[in-house]
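Hi,

Here is the structure for you to look over. My notes come straight after it.

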Amino acid sequence: MTPLRHDWQREELLALFALPFNDLLARAHATHRAHHDANTVQVSTLLSIKTGGCPEDCAYCPQAARYHTGVKAEKLMDLDDVLARARAARDAGATRFCMGAAWRSPKDRDIPKVAAMIRGVRELGMETCATLGMLSESQANALKDAGLDYYNHNLDTAPEFYGEIIHTREYADRLDTLGHVRAAGMKTCCGGIVGMGESRGQRAGLLQALANLPEHPQSVPINRLVQVEGTPLDGTALLDPFEFVRTIAVARIVMPRSIVRLSAGRAEMGDELQALCFFAGANSIFHGEKLLTTGNPDVMHDRELFERLGLRPMQVDAAHDAHTTHCDIVGHDAAAA
Ligand code: SAM
Ligand code: DTB
Ligand code: SF4
């Protein structure tokens, strides 16, 4: 099997982006089938365990205290409330529970509280993910000890566009946190946002930075900007939906074994666009009526969409195998036919 590459050049990614749409989709879909069951989708549910009041200045984010978005600052949720939400998510079909906090980085005193949440969610039989901002080495180790499977920390955009979006922390800080997460032995969930006014070259730059990390992130969330009134990016020109599909397709080709999540922005997408994204190689979603503070498609709608497309929720083992297995998947469909 061809080894995973970590030396992608910008021109190569741009050449993929420039392919005729059908050629790009055919290549991405073939890559997808070679490494994954093309009819299963990993299902995660997101919960904001600590909402709003964030000191950072991420230009897209409704939770930054400095923008007037109507999101009120709340304190860290109680353990029992978090576990009740996790149980409900599991009962609605999610296999992974992702806990998000509007922090620049957690305080050391927060870690035992989050660790208790992680233990509780694990006891429910779900995979765990958290996104709490920048982590020190010792914080990453403590979360790993509590049983955290994935840590979400996004590169967000290309290095050369980053300075137009965030000024309160550096790209290098993000790479450091990802290094601590990997060193602690956790899986990384790392992706970015498109539709922030970046160029195609910069979309390619995001994917290049992700694919050239020391290890491909096991989970790659591709968010389409959710425009929120009061944030600096509200009113940004909308990205051509086909360009969004191309971004998913190129992500699939350059990170063939990763689980690519069709992440924020689904509420503003039609079913047809989502179906194209699944064909192009997306194989994970957030399920549940809310992301962190903004809307997501309702649960019934997603259930119907899965039925109409013949998609099934991915079992936990399959998500794991996708990035650990050393032989290509021949295809469950081929076996079934
Ligand atoms: N505060 C932590 C941090 O930024 O690392 C964790 C939570 S933060 C909300 C997680 C990610 O959500 C961000 O890195 C960004 O990629 C995504 N995000 C936030 N607001 C978004 C929006 N309006 N549209 C799309 N993605 C968004
Ligand atoms: C990610 O890449 N997307 C999710 C998750 N990781 C934490 C967050 C999306 C947030 C969308 C805006 C909101 O709901 O506040
Ligand atoms: Fe804060 Fe995270 Fe939002 Fe940035 S993305 S403002 S760090 S909550």
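Below is what I found, ligand by ligand, then two single residues.

First, a caveat: this is a predicted model.

**Ligand 2**

Start with the location. Ligand 2 sits in the largest cavity. There are 14 residues around ligand 2. Those that come nearest are Asn 154, Asn 223, Leu 292, Thr 293 and Thr 294. By class, the shell holds seven nonpolar residues, seven polar and no charged.

Three polar contacts are worth checking on screen:

- Asn 154: an N or O atom of its side chain is 2.9 Å from an oxygen atom of ligand 2.
- Leu 292: here a backbone N or O atom is the partner, 3.0 Å from an oxygen atom of ligand 2.
- Ser 263: an N or O atom in the side chain lies 3.4 Å from a nitrogen atom of ligand 2.

How much of ligand 2 does the protein cover? On its own, ligand 2 has 400 Å² of accessible area, and the protein covers 88% of that.

**Ligand 3**

The space that ligand 3 takes is the largest cavity too. Its surroundings consist of Cys 54, Glu 56, Cys 58, Tyr 60, Cys 61, Ala 64, Ala 102, Trp 103 and Arg 169. Sorted by class, that shell has seven nonpolar residues, two charged and no polar. Glu 56 and Arg 169 are the charged ones.

**Asp 156**

Look at the backbone here. Phi of Asp 156 is near 70°, a positive value, and the residue is not a glycine. Most residues other than glycine have a negative phi. Asp 156 belongs to the loop that runs between β4 (150-152) and α6 (159-162). Is Asp 156 buried or exposed? Its relative accessible area is 3%, so Asp 156 counts as buried, the cut-off being under 20%.

**Thr 45**

Thr 45 is part of strand β1, which spans residues 40-50. The relative accessible area of Thr 45 is 11%, so this residue is buried as well. What does its side chain meet? A polar atom of the Thr 45 side chain lies 2.7 Å from the backbone oxygen of His 287.

**To recap**

Ligand 2 has polar contacts with the side chain of Asn 154, the side chain of Ser 263 and the backbone of Leu 292. The shell of ligand 3 has no polar residues. Asp 156 has the positive phi, and Thr 45 pairs with the backbone oxygen of His 287.

Best wishes

Definitions and conventions: Residues numbered from 1 in each chain as written. Chains lettered and ligands numbered in written order. Predicted model: local features only at pLDDT ≥ 70, side-chain atom pairs only at ≥ 80, totals over all residues. Heavy atoms only, no water. Near = heavy atom within 4 Å. Polar contact = N/O pair within 3.5 Å; in protein donor to acceptor, adjacent residues only side chain to side chain. Areas by Shrake-Rupley, 256 points an atom, 1.4 Å probe, with all protein chains shown as cover. 1 Å grid on protein atoms, 1.4 Å probe; cavity = no way out; pocket = protein on both sides within 12 Å on 5 of 7 lines; lining within 4 Å. Sits in = over half its atoms within 2 Å of the grid points. Helix = DSSP H or I, 4+ residues; strand = E, 2+ residues; numbered from the N terminus. Buried < 20%, exposed > 50% of the residue type's maximum accessible area, 1.4 Å probe, protein only.
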